[in-house]
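Colleague: Could you take me through one part of this model closely, starting from a single side chain and working outwards? I would enjoy a connected account.

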Amino acid sequence: MAFALNLYPITYMAKYNPQTKNWDEQWLESDKIPHDELMAMSEDERKVILDKRNQMGTPSVSYTSQYAYSCFEGMKGFPTKDGGVAIFRPEENAKRFYNSMKGMYCPPFPVEMYVKASVEFVKKNAELGYVPKYNPEWEKTDFANAESIYIRPFMNSEGAIGVGCAQQPCVIICATTVSAYFKAGLDGAVITERIRATPHGTGYIKCASNYVISALAKKEAEEKGFVECVYLDAVHRKYFQEGSSCNIFFVLKDKTIVTPELSDTILPGITRKSVIVLAKEKGYKVEERQISVKEVQKKAIECFVTGTAAGISPMSSITDLKGKKTDFGSGFGPVAKELQHELKGRQYGAIADPNNWNTVVIQGNN
């Protein structure tokens, strides 16, 4: 169910006005059909409604459509155990979105507006029933296949043909319901020969163009039977960077957790940041530094990736460019499992959230 294009009926849009230097907000309502009523329709009737919702109404000829000049975010909203709904750390996504737009030399979207719009967006769609219901059965697998709201804020440019930077960007927030991210039946990761980002490039920005390489490398990995691809650095070609759309972590024999340090070639993941905090709270030593393929092959006993969509997902193995396979064992290793339990438990409100990471959209009453 991950990333099916079944968008919620209400969409948020804000356009930058260069004259007033303000953002003009509006709500686009494709329809107000409640979720239960939609599900009761025939497949053909439902398709007509969903096709209408999936049209965003932004310029078809623009810097975005011509040159992938766009940036975006991925957030999740969670049905909580007490019957409420919460968004996980939206202020962190707001800051990253602001920095992405600033890095692309267009007017950045204010952090406060981002958070407020995200909360109101989820609330408006929740009122029509477009929020998964909490299921206690999810707790048995630490929410590995639990449903959530995938929230997609993104920026499009004004109409344009020539190469340039947006002066009148448009920000849109849409969403769909998702569950597990990685494809079932595939296993392990493979190092790709492709290069995701180079120094002094846009690797630290969550911009659309970065994901073209990711899509190609991920497709090539899946055709070989792997669930994920992993990038090496562009200069030395021996240090790990990240996965196709996620940060990567290794657990060494002495239980030290290592993840590549942030640079202009690595995206500053919100889940990555959260996992580092959780690991330190659990007493683990965490190192943010370069880690080579050879070190992983000699010292690593666990590997997992993190991201909004991926959550915490274990990698059973990594195969290098010469075909050498390093096995970590199937399923969650003990460290990844402990962190998964803590992260997902907090996100779904099954355990305490002492860091106040959840922004409540709908107050629970159970």
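Modeller: Happy to. Let's start at F109, bearing in mind that this is a predicted model. Once neighbours within four places in sequence are set aside, F109 is in contact with Y12, A14, W23, F97, Y98, M101, Y114 and V171. Several of these partners can be placed on named elements: Y12 and A14 fall within β1 (10-17), F97, Y98 and M101 within α4 (90-103), Y114 within α5 (111-126), and V171 within β6 (170-178).

That set of contacts belongs to a wider group. The largest nonpolar core holds 45 residues, and F109 is one of the three that touch the most other members, along with M101 and I151. Two or more residues each come from β1, α2 (43-53), β4 (85-88), α4, α5, β5 (148-156) and β6. Of these, α5 gives the largest share, with eight residues. As a general background, nonpolar side chains in soluble globular proteins tend to be buried together.

There is also a second core, separate from the one around F109; this one has 23 residues, and F143, I257, I276 and W357 are among them.

Another spot worth your time is C207, which sits in the loop between β7 (189-191) and α6 (210-223). Is C207 buried or exposed? Its relative accessible area is 4%, and because anything under 20% counts as buried, C207 is buried. Apart from neighbours within four places in sequence, C207 is in contact with S70, C71, F72, M104 and T202. The C-alpha atoms of C207 and F154 are 9.3 Å apart, although their positions lie 53 residues apart along the chain.

Stepping back to the whole protein, the fold combines nine helices with 17 strands. Buried residues account for 54% of the 366 residues. Of the contacts between residues at least 6 apart in sequence, 71% join residues at least 24 apart. The radius of gyration is 21 Å, which agrees with the value near 21 Å for a compact globule of 366 residues. Along the principal axes, the C-alpha trace spans about 55 × 55 × 40 Å.

On the outside, the accessible surface comes to about 16600 Å², and 51% of that belongs to carbon and sulfur atoms. As for charge, there are 45 positive and 43 negative side chains, with the centres of the two sets 5 Å apart.

Conventions
Residues are numbered from 1 along each chain as its sequence is written. This is a predicted model: local features need pLDDT of at least 70, side-chain atom pairs count only at pLDDT 80 or more; totals for chains, interfaces and linings use all residues. Side-chain values use heavy atoms; hydrogens and water are left out. Helices (H or I, at least four residues) and strands (E, at least two) are DSSP runs, numbered from the N terminus. The radius of gyration is taken over C-alpha atoms; the globule rule is 2.2 Å times the number of residues to the power 0.38. Buried means under 20% relative accessible area, exposed over 50%, partly exposed in between (1.4 Å probe, protein chains only). Contact means heavy atoms within 4.5 Å. Accessible areas come from the Shrake-Rupley method with a 1.4 Å probe; for residues, only the protein chains shown count as cover. Lys and Arg count as positive and Asp and Glu as negative; His and the chain ends are not counted. The place of a charge is taken as NZ of Lys, CZ of Arg, CG of Asp or CD of Glu. A nonpolar core is a set of buried Ala, Val, Leu, Ile, Met, Phe, Trp, Tyr and Cys residues joined through side-chain atoms within 4.5 Å.
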